[in-house]
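Welcome! Please take a moment with the sequence and the model below, and then we can walk through a few parts together.

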Amino acid sequence: MKIKFLAGAALLALAGGQTAMAQSVADSQRPPSSAVRHEYVDALRGTIKPGNFVKAEISSLVLLDPEKQIYAYCTRTTERSNSNWSYIGLTLKNNMIVDLKKNAPRCHDKRLRYYDFPELRNMKY
């Protein structure tokens with residue numbers, strides 16, 4: 001799944017009403033594709049300092065709305081200056097980010113599976 005990011009706009013779009021996941025959404029989980037991983041890293045390149053993350057993880061991709069084909073995933077990171085997890089939830093429609101929310105409630109759902117994200121942790125300019 002190729003994802004087109006508008007990095008500046010996406011990083012500034014920190015609004016939206018996201019809630020914890022319904023069971024049907026949790027059941028739709030699939031691991032994030034290589035394209036999803038690389039597009040996210042590409043979107044952040046130049047906006048954050050490479051090598052700043054101690055830990056980085058990306059969640060499964062979930063189907064939020066089957067009729068509208070709206071998907072979502074989360075990332076969580078810890079930085080050298082802050083050992084607490086920082087969460088970002090992204091919502092996608094037509095392979096483009098339509099919402100991005102810091103600390104989105106669904107990102108804390110215990111049913112959501114996270115995977116190591118070395119592409120982000122080892123990001124270079």
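How many bridges pair β3 with strand β4, and in which sense? The answer is nine bridges, in the antiparallel sense, with β4 covering residues 82–93.

## Before we start

You are looking at a predicted model, in which local features need pLDDT of at least 70, side-chain atom pairs count only at pLDDT 80 or more, and totals for chains, interfaces and linings use all residues. Residues are numbered from 1 along each chain as its sequence is written, and side-chain values use heavy atoms, with hydrogens and water left out.

A few terms will help. Helices (H or I, at least four residues) and strands (E, at least two) are DSSP runs, numbered from the N terminus. Two strands pair if DSSP finds at least two bridges between them.

## Strand β3 and its partners

Let us begin with β3 and β4, which form a hairpin with two residues between them. Along this pairing, T77 has S86 in β4 as its bridge partner, while Y73 is matched with L90 of β4.

Strand β1 (residues 53–59) is joined to β3 by five bridges, and the two run antiparallel. Here K55 stands opposite T78 in β3. Strand β2 (residues 62–65) also pairs with β3 in the antiparallel sense, over three bridges, and V62 has A72 in β3 as its bridge partner. Four residues lie between the strands in the hairpin of β2 and β3, where Q69 takes a positive phi near 55°.

Is β3 enclosed or open? Nine of its 10 residues are buried, so β3 is largely enclosed by the rest of the structure. Buried means under 20% relative accessible area, exposed means over 50%, and partly exposed lies in between (1.4 Å probe, protein chains only).

## On to β5

From β4 you can continue to β5, since six bridges join these two antiparallel strands. L90, already met as the partner of Y73, stands opposite L100 in β5. The hairpin of β4 and β5 has two residues between the strands, and N94 in the turn has a positive phi of about 55°.

## The disulfide

How many disulfides does a search of the whole structure find? It finds one, where a disulfide is a pair of cysteine sulfur atoms within 2.5 Å. C74 is joined to C107, with an S to S distance of 2.1 Å. The pair links distant parts of the chain, 33 residues apart: C74 sits in strand β3 (residues 70–79), and C107 in the loop between β5 (96–102) and β6 (114–116).

Both C74 and C107 are buried. The torsion about their S-S bond is about -85°, so the disulfide is left-handed.

## A buried arginine

Finally, look for R37 in helix α3 (residues 34–44). With 13% relative accessibility, R37 counts as buried. Its side chain makes a polar contact with the side chain of E119 at 3.0 Å. A polar contact is a pair of N or O atoms within 3.5 Å; within protein, one must be able to donate a hydrogen and the other to accept it, and residues adjacent in sequence count only if both atoms are side-chain atoms.

Leaving aside neighbours within four places in sequence, R37 is in contact (heavy atoms within 4.5 Å) with P32, I58, Y115, D116, F117, P118 and E119.
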